[in-house]
Amino acid sequence: MDRVLKLASQRAVVIFSVSSCCMCHTIKTLFCDLGVNPAIYELDQDPKGKEMERALVRLLGRNPPVPAVFIGGQLVGPTDKVMSLHLGGRLIPLLREAGAIWL
């Protein structure tokens with residue numbers, strides 16, 4: 001858990017992902033299209049990925065826990081939460097506040 005929270009606080013936007021996950025790909029694409037340069041941690045390619053995955057399951061209360069998005073060090077959640085923020089017009093202001101985008 002400590003490793004996940006430490007990594008999540010080191011950049012404005014952090015995405016925990018699995019390289020073969022289509023929803024992870026969608027979220028990564030969304031943030032890149034918005035001009036964000038997120039830190040992306042592919043759990044299936046990290047030696048401590050299984051440990052981080054278990055911590056994310058505990059944080060999110062769901063399995064699989066990816067994609068898991070943190071903005072400004074705070075857990076935003078999985079795809080449905082991110083898309084809800086985006087469609088509601090609240091994602092861009094949140095990204096600006098975190099310093100992830102400038103415009």
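# Exercises on an aromatic cluster, two cores and a helix

Phe16, Tyr41 and Phe70 form one aromatic cluster. The model is a predicted one.

**Exercise 1.** Determine how many aromatic pairs the structure holds and classify the geometry of each.

*Solution.*
1. Searching the whole structure yields two aromatic pairs.
2. For Phe16 and Tyr41, the ring centres are 5.5 Å apart and the planes meet at 25°; the pair is therefore stacked, given that planes under 30 degrees apart count as such.
3. Phe16 lies in strand β1 (residues 13–17) and Tyr41 in strand β2 (residues 39–42), so this pair ties together parts 25 residues apart in sequence.
4. Phe16 also pairs with Phe70, at 5.8 Å centre to centre and with 80° between the planes, in an edge-to-face arrangement.
5. This second pair links distant parts of the chain, since Phe70 belongs to strand β3 (residues 68–71), 54 residues from Phe16.

**Exercise 2.** Decide whether Phe16 and Phe70 are buried or exposed.

*Solution.*
1. The relevant cut-off for a buried residue is under 20% relative accessible area.
2. Phe16 has a relative accessibility of 0% and therefore counts as buried.
3. Phe70 has a relative accessible area of 1%, so Phe70 is buried as well.

**Exercise 3.** Describe the largest nonpolar core and identify which elements contribute to it.

*Solution.*
1. The largest nonpolar core comprises 17 residues, and those with the most contacts inside it are Val4, Phe16, Leu43, Met52, Leu56 and Phe70.
2. Two or more residues each are given to this core by α1 (2–8), β1, α3 (49–60) and β3.
3. The largest share, four residues, is that of α3.
4. Apart from this core lies another, of 15 residues, including Ile15, Leu30, Val76 and Val82.
5. Beyond its neighbours up to four places away in sequence, Met52 touches Arg3, Val4, Leu7, Phe16, Leu43 and Asp46.
6. As a general rule, nonpolar side chains in soluble globular proteins tend to be buried together.

**Exercise 4.** Check the length of helix α2 and establish where its buried residues lie around the axis.

*Solution.*
1. Helix α2 (residues 22–33) has twelve residues; at 1.5 Å a residue the expected span is 16 Å, because the rise is multiplied by one less than the number of residues.
2. The end C-alpha atoms of α2 are 16 Å apart, which agrees with that expectation.
3. The buried residues of α2 are Cys24, Ile27, Lys28, Leu30 and Phe31.
4. Viewed down the helix axis, these buried residues fall within an arc of 155°, and therefore line one face of α2.
5. On the face turned away from the buried side, α2 carries the exposed residues Cys22, His25 and Asp33.
6. The cover over the buried residues of α2 includes β1, β2, β3, α4 (79–87) and α5 (91–98).
7. Just after α2, Gly35 adopts a positive phi of about 90°.

**Exercise 5.** Characterise the surroundings of Ala68.

*Solution.*
1. Ala68 is placed in strand β3.
2. With a relative accessible area of 0%, Ala68 is buried.
3. Neighbours within four places in sequence aside, Ala68 is in contact with Val14, Ile15, Phe16, Leu56, Leu60 and Gly77.
4. The C-alpha atoms of Ala68 and Cys24 are separated by 8.5 Å, although the two residues are 44 residues apart along the chain.

Notes: Residues are numbered from 1 along each chain as its sequence is written. This is a predicted model: local features need pLDDT of at least 70, side-chain atom pairs count only at pLDDT 80 or more; totals for chains, interfaces and linings use all residues. Side-chain values use heavy atoms; hydrogens and water are left out. Rings of Phe, Tyr and Trp (its six-membered ring) pair if their centres lie within 6.5 Å; planes under 30 degrees apart count as stacked, over 60 as edge-to-face and the rest as tilted. Buried means under 20% relative accessible area, exposed over 50%, partly exposed in between (1.4 Å probe, protein chains only). A nonpolar core is a set of buried Ala, Val, Leu, Ile, Met, Phe, Trp, Tyr and Cys residues joined through side-chain atoms within 4.5 Å. Contact means heavy atoms within 4.5 Å. The arc is that of the directions from the helix axis to the C-beta atoms.
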